[in-house]
Amino acid sequence: MRVISLVPSLTEAVAVSVPGALVGATEWCSHPEDLDVVRVGGTKNPDVRGIIGLAPDLVIANEEENRAPDLAELRAAGIQVLVTEVRDLPDAFRELARVLAACGAGRPGWLDEAESAWGQLPAPEARLKAVIPIWRRPWMVLGRDTFAGDLLRRLGVDNAYATHAERYPRIPVEELRAAGADLMILPDEPYRFTREDGPEEFTVPSALVSGRHLTWYGPSLAQAPATLSAALRAACR
């Protein structure tokens, strides 16, 4: 198989499960850290002609991260494109199994570990209401029907904007401050929030979390419950 991935988390999943299958990935595909493949542009602006030139057997994409016109152009060139759709944790497990099967892989051990880690979560001692910004200038937050929101719900965190009409609404910072949250959850991607960039806007505690563990569906899911829970506990001390 010659596979190109346009989705960072799926790039990692394929790279560790089917060594040698990947021949191309986007500039945003940062894991595994030693990944050595041709870079084919970004998730939103891939080098379509370059991808075609690599003659892949399969291109892996996602309905949210990649643009339909780019995928249609690849299909028109005779390339098989597998498009995933992930809105919650069960979706992630199902789509990961589908992608790896399409790449000729058996079921990897890390996928069993991830399902076990999330399936054995203890009941949260108390639930917290949180605002989860993903961008600044303008401020954007997690809204309805998101994978990251589902992970946090399973960890005892209720998204203050879970019923918003949009999945990633733009909300003025004044409204975020007035949302009645117990906690702000600030990931380091797509916007790189830090201790000096983000928490100063709010009076409630801020949990700085790994964006890879919050938003990626791949091998990081096995460590995500422990990693995210530790960050939440640290913020609430």
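**Close-up views of a predicted model**

**Figure 1. Helix α9 (residues 224–236) supplies six residues to the lining of the second largest pocket, the largest share of that lining.** The view is taken from a predicted model, as are those that follow. The volume of this second largest pocket is about 440 Å³. Its lining comprises 17 residues, and those nearest the centre of the pocket are Pro-124, Glu-125, Leu-155, Ser-229 and Arg-233. By residue class, the lining of the second largest pocket consists of twelve nonpolar, two polar and three charged residues.

**Figure 2. Surroundings of Ala-235 in helix α9.** Ala-235 has a relative accessibility of 14% and therefore counts as buried, the limit for that class being under 20%. Apart from residues up to four places away in sequence, Ala-235 touches Leu-183, Pro-205, Ser-206 and Ala-207. One of these contacts, Leu-183, is separated from Ala-235 by 52 residues in sequence, while the C-alpha atoms of the two residues are 8.1 Å apart in space.

**Figure 3. The largest pocket, with about 1,000 Å³ of space.** The lining of the largest pocket is made up of 25 residues; Glu-64, Glu-65, Glu-189, Pro-190 and Thr-215 are those that lie nearest the centre. At least two lining residues come from each of α1 (8–17), β7 (133–135) and α6 (147–154). The lining of the largest pocket contains 13 nonpolar residues, together with six polar and six charged ones.

**Figure 4. Arg-87 in the loop between β5 (81–84) and α4 (89–102).** Arg-87 counts as buried because its relative accessibility is 18%, and the class extends to values under 20%. The side chain of Arg-87 is joined to that of Glu-63 by a polar contact of 3.4 Å. When residues up to four places away in sequence are not counted, Arg-87 touches Glu-63, Asp-145, Thr-146, Phe-147, Asp-150 and Arg-167.

**Figure 5. Side-chain contacts of Asn-159 in strand β9 (residues 157–159).** With a relative accessibility of 13%, Asn-159 counts as buried. The side chain of Asn-159 reaches two backbone oxygens, that of Leu-142 at 3.1 Å and that of Gly-143 at 3.2 Å. Once neighbours within four places in sequence are left aside, Asn-159 is in contact with Ala-130, Ile-132, Leu-142 and Gly-143. Leu-142 and Gly-143 thus appear in this view both as contacts of Asn-159 and as the residues whose backbone oxygens are reached by its side chain.

**Figure 6. Cys-29 and Cys-103 in a structure with zero disulfides.** Cys-29 takes part in no disulfide, and the cysteine sulfur nearest to its own, that of Cys-103, is 13 Å away. For Cys-103, the closest cysteine sulfur is likewise that of Cys-29, and the 13 Å between them is too far for a bond, since a disulfide requires sulfur atoms within 2.5 Å. Cys-29 counts as buried because its relative accessibility is 1%. Cys-103 also counts as buried, at a relative accessibility of 2%.

Notes: Residues numbered from 1 in each chain as written. Predicted model: local features only at pLDDT ≥ 70, side-chain atom pairs only at ≥ 80, totals over all residues. Heavy atoms only, no water. Helix = DSSP H or I, 4+ residues; strand = E, 2+ residues; numbered from the N terminus. Buried < 20%, exposed > 50% of the residue type's maximum accessible area, 1.4 Å probe, protein only. Polar contact = N/O pair within 3.5 Å; in protein donor to acceptor, adjacent residues only side chain to side chain. Contact = heavy atoms within 4.5 Å. 1 Å grid on protein atoms, 1.4 Å probe; cavity = no way out; pocket = protein on both sides within 12 Å on 5 of 7 lines; lining within 4 Å. Points joined across faces, edges and corners; volume = space filled by probe spheres on them. Nonpolar A, V, L, I, M, F, W, Y, C, P; charged D, E, K, R; others polar.
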